[in-house]
Amino acid sequence: MTQPATIYARFSNAEQAQGNSKARQLDLCRDMVARHGWQHSADRELVDEGVSAFSGANRAPGGLLHSFEQQAESGRYRNGHVLVVENLDRVSRQGYDAILPFLQRLTSSGVTVATVDGDRVYPAYERVTLASVIEAVVKSELSREESEKKSRRLKAAQNRRISEAQANAGQHISHTATVPAWINVERIGKATDRPLYSMTLNEERVAVLREIFDLTIAGYGTPAIAKMLNGRGEPVWSHLNQRSNNGWTVGYLTKIVLNRAVLGEYHPMNRPRSGAQTSKGIAVLNHFPQAIDPVTFGKAAAARQSRKGTSGAWQITHNNLFSGIAKCRSCGGRMKQEVTVRTGGNRRNGRNPEAVYQSKQTISYLKCHNALNRVWDEEANRLRCENRTAIRYEKLERAVVEFACGWLALHRQATPSADALALEVEIADARRFLEDKQKQAETAAASFVRTSSATMERLMLQLEAEVADDQKAIRALEEQLVSARTQAPSPDFLAAIEDQRRLLDSDDEEERNRTRVAMKQTLGRIIRSMHCTPGRHTMIVLGDDSVGLVFDNEGELVQNVVLQSTIHGPNGEIDWHPDFPDADYEYAVDAS
């Protein structure tokens with residue numbers, strides 16, 4: 001009887017996934033299965049991706065090979081089965097004491113093990129011969145030694161790169177051409193010397209990089225940014241002549257906005273042959289040329305954090321301004337927008353069901369996601385929410401936006417001036433370098449305590465003096481920033497908010513999307529909480545718990561409560577209004 005065969009393939013890291021390792025292993029194994037007349041099936045092809053045989057992760061719980069071994073030992077394959085691999089190092093690179101027990105367990109459980117390398121077959125229920133034992137031992141040991149040597153070489157090369165980067169900080173030179181995609185490298189020095197590269201910014205790519213960060217800060221998510229870049233045919237960055245055929249992807253854009261290399265920092269990583277990479281805890285500042293300032297980087301991170309909980313649909317359609325903001329009053333779950341009919345779509349007349357007409361507007365409703373999808377609460381053993389209320393979205397949007405714009409007119413803050421933005425950047429950069437210098441001082445102090453070295457004592461004292469000077473300089477900059485932020489509000493502020501309100505439903509798709517993203521950012525900053533009740537009301541708190549609003553299902557304001565009546569100005573003025581900065585105000589008493 002022809003035996004069924006299972007093919008096992010494995011590779012250790014993500015780089016191999018981009019190559020042909022998987023395809024090569026599967027093709028070779030399929031050919032062997034065909035030559036021996038075993039039964040092949042696509043659902044019996046096991047591939048452990050990014051899993052190391054050197055560490056044994058592929059045979060640990062969670063690995064596909066581990067599951068196959070468990071099935072074999074339970075007796076599932078006692079009537080005959082074949083496991084086909086390219087060679088034994090796909091099974092293990094831990095040496096003979098791992099390979100031989102593996103072969104013995106499988107063959108005694110009815111599994112024939114076959115390797116493409118050498119066309120070797122270890123039949124089930126047969127004693128493994130001495131020759132095959134020697135062959136298995138030699139090949140396994142050679143594979144293990146090769147992996148150990150490769151691991152040591154890689155670690156030594158990375159440690160040398162870290163040391164050189166620390167020694168050359170600020171010079172923007174590298175001994176490797178592997179650098180971020182927005183940096184150009186040019187080889188310098190003699191051709192006979194060890195390669196050394198000068199790093200400079202690629203201005204065209206940096207312009208795109210800064211656009212990505214600006215869009216992130218403006219409220220666009222990575223799906224929308226990818227759609228925008230791909231839509232205009234923006235070339236995908238290639239590196240070392242390797243070009244992606246997938247266009248701009250969400251994953252790549254996410255890596256970019258999280259990558260501190262844009263700040264010029266080099267963060268060495270531990271890259272295990274299996275599992276996620278982790279930081280070594282080392283930061284080399286000013287190694288790469290800086291492409292993004294730290295304030296922009298921080299604002300982008302804050303913008304991404306503020307969008308947590310926002311549905312993915314928003315990133316493409318930009319329809320629901322309350323995505324991630326509106327919550328169900330009953331369960332706290334998110335309110336999902338469900339479109340009933342779009343502009344130009346067919347509707348039926350409520351009085352005459354046979355009559356059909358075209359809708360002049362989009363009609364949609366906010367509904368509790370948990371109730372709509374009947375999400376089950378396993379702990380309480382019941383539905384998580386039964387609030388099946390539908391709240392008319394378009395009427396609520398118009399009412400909330402109109403009121404929010406009016407509220408902003410009375411409570412607006414000064415928009416950052418150019419001077420304030422420049423000071424923010426300068427302070428952020430100074431703090432980064434101060435933190436690094438403090439770490440150096442702590443290391444020098446620890447070394448001095450351990451060795452009593454006079455050299456380390458001088459270095460420690462020098463660094464401590466520099467830290468004190470830097471801290472003093474930062475305090476002076478912070479005082480300047482406070483002064484810059486208390487300047488009069490921008491006269492264009494109200495006009496910008498009014499433009500946002502007016503263009504929310506623009507016929508120009510690009511303009512409409514840009515405006516809706518900006519308005520959502522505005523609402524996200526001022527709406528403290530927003531809850532939809534089973535009674536078809538929407539409760540909103542604006543600002544620092546200062547105003548409470550209740551809208552009905554028709555978008556009418558049915559309740560307006562001032563929760564905090566006192567508004568303080570930049571200098572402690574009571575009931576301050578930005579349109580009358582020089583009025584005769586009373587001032588709050590300083591309790592300190």
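Arg392 is buried in this predicted model, with a relative accessible area of 11%. The value falls under the 20% limit for burial, so Arg392 is assigned to the buried class. Arg392 belongs to strand E18, which comprises residues 391-392. The side chain of Arg392 makes a polar contact with that of Glu394 at 3.1 Å. Beyond the neighbours within four places in sequence, Arg392 is in contact with Gln361, Thr362, Ile363, Ser364 and Tyr365. Asn553 is also in contact with Arg392.

Two further arginines were examined for backbone geometry. Most residues other than glycine have a negative phi. Arg374 has a positive phi, near 50°. Arg374 sits in the loop that runs between helix H11 (369-372) and strand E16 (376-377). The relative accessibility of Arg374 is 54%. Exposure requires a value over 50%, and Arg374 therefore counts as exposed.

Arg536 also has a positive phi, here near 65°. Its setting is again a loop. The flanking elements are strand E19 (527-532) and strand E20 (538-542). Arg536 has a relative accessibility of 39%. This value lies between the 20% and 50% limits, so Arg536 counts as partly exposed.

The three arginines thus fall into separate accessibility classes: Arg392 is buried, Arg536 is partly exposed, and Arg374 is exposed. Arg392 is a strand residue, whereas Arg374 and Arg536 are loop residues.

Technical notes: Residues are numbered from 1 along each chain as its sequence is written. This is a predicted model: local features need pLDDT of at least 70, side-chain atom pairs count only at pLDDT 80 or more; totals for chains, interfaces and linings use all residues. Side-chain values use heavy atoms; hydrogens and water are left out. Helices (H or I, at least four residues) and strands (E, at least two) are DSSP runs, numbered from the N terminus. Buried means under 20% relative accessible area, exposed over 50%, partly exposed in between (1.4 Å probe, protein chains only). A polar contact is a pair of N or O atoms within 3.5 Å; within protein, one must be able to donate a hydrogen and the other to accept it, and residues adjacent in sequence count only if both atoms are side-chain atoms. Contact means heavy atoms within 4.5 Å.
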